[in-house]
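Work through the exercises below with the sequence and the coordinates side by side. Each task is followed by a solution that proceeds step by step.

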Amino acid sequence: MGAVVEVGRDGTPGVGRAVEGMTELFAVTCPSAETCIATGNVQSNLPNWPYYQLTPAFVVISNGVPGPPQDFPRGTRQAVGIDCPTATRCLVVGRSGFIVPMNLAGRWLPSGHRYSISPGSGYPTDKISCPSSTTCYATAAGFIPTPEGAYLMVPAMMAVSADGVAVPVQVLSHERGYSADISCLFGRTCTLAVEGHDPVGGVVIDVFRGTPVAVTRYANSAWFYALSCVAPATCGVVGNMPTYAVFAWHGPVPA
């Protein structure tokens with residue numbers, strides 16, 4: 001069952017609140033002080049138990065009280081990222097290539113955009129960050145050709161309008177991996193965490209005004225999954241090694 005926990009301004013967690021009907025929660029965004037929206041899955045048992053299926057769903061949380069789960073549009077899979085460019089509109093990223101817009105009440109807007117997974121192009125992956133009311137940026141997997149005639153998956157990002165329309169992917173590095181999380185502060189200035197990079201080591205990529213300016217590797221980390229930035233190229237990053245979790249501070253330590 002999914003759950004939400006309120007945390008006070010002093011950092012003290014409150015009591016966890018079960019989200020009835022939700023099996024797991026992946027991401028949450030709070031477009032206002034009273035309202036948050038969380039995405040996750042609802043588990044449905046199949047007749048040939050113990051087999052089951054997971055259906056992507058979301059829940060609107062008002063003043064700390066979660067409402068009933070609501071389904072995503074048919075065909076959406078693994079909706080794991082959400083952010084809101086305005087107080088009344090949000091964008092959801094679905095793993096396997098979906099970006100769908102919704103309004104604050106949880107109703108879907110008329111358009112939803114799907115991206116085919118094909119070599120030579122790219123598609124959105126896990127997360128989205130909206131530094132302005134008009135533009136967001138999604139993590140993405142890009143593809144570059146190899147000398148053997150195949151394609152290599154590499155870290156990338158996609159600019160996305162408030163209506164959920166994305167431009168083609170922008171490749172950020174030519175080494176194997178894909179972008180797992182993104183934190184944007186203004187313009188096209190973002191930092192991305194990379195998963196599955198080669199050589200082994202947690203990787204962070206800084207993008208300044210749309211141009212990749214630094215690829216930083218952390219030897220004591222195997223993969224990075226999430227990050228949050230307080231200033232350009234100044235972020236907290238989390239990931240893991242094979243047997244333990246990892247936290248890394250990327251950039252100068254704030255005074």
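Strands (E, at least two residues) and helices (H or I, at least four residues) are DSSP runs numbered from the N terminus, and two strands pair if DSSP finds at least two bridges between them. The model is predicted, so that local features need pLDDT of at least 70 and side-chain atom pairs count only at pLDDT 80 or more, while totals for chains, interfaces and linings use all residues. Residues are numbered from 1 along each chain as its sequence is written, and side-chain values use heavy atoms, with hydrogens and water left out.

**Exercise 1.** Describe the hairpin formed by E16 and E17, and state how far E16 is enclosed.

Step one is the pairing: E16 (residues 178-186) and strand E17 (residues 189-195) run antiparallel to each other over seven bridges, and within this ladder Ile182 has Leu192 of E17 as its bridge partner. Step two is the connection, in which two residues lie between the strands of the hairpin, and Gly187 in the turn has a positive phi of about 45°. Step three concerns burial, where buried means under 20% relative accessible area, exposed over 50%, and partly exposed in between (1.4 Å probe, protein chains only). Seven of the nine residues of E16 are buried, so this strand is largely enclosed by the rest of the structure.

**Exercise 2.** Place the hairpin in its sheet, giving the strand order and the edges.

The sheet is open, with four antiparallel strands in the order E16-E17-E18-E19. Its edge strands are E16 and E19 (211-218), each of which pairs on one side only. Neighbouring strands here are turned by 20° against each other on average, direction ignored, where the axes are lines fitted to C-alpha atoms, for helices over the stretch in contact, and angles run from 0 to 180 degrees between N-to-C directions. Strand E18 (residues 202-208) pairs with E19 in the antiparallel sense over seven bridges, and Ile205 stands opposite Val215 in E19.

**Exercise 3.** Which strands stand at the edges of the sheet E12-E13-E14-E15?

This open sheet has four strands, in the order just given, with antiparallel pairing. Strands E12 (122-129) and E15 (170-171) each have a single partner strand, so one side of each is left without a neighbour in the sheet. The partner of E12 is strand E13 (residues 135-145), joined to E12 by five antiparallel bridges, and Pro124 has Ala140 in E13 as its bridge partner.

**Exercise 4.** Locate Ser32 and characterise its surroundings.

Ser32 lies in the loop between strand E3 (24-29) and strand E4 (35-45). Its relative accessible area of 25% makes Ser32 partly exposed. Ser32 and Ala87 are 55 residues apart in sequence and 6.2 Å apart in space, C-alpha to C-alpha.
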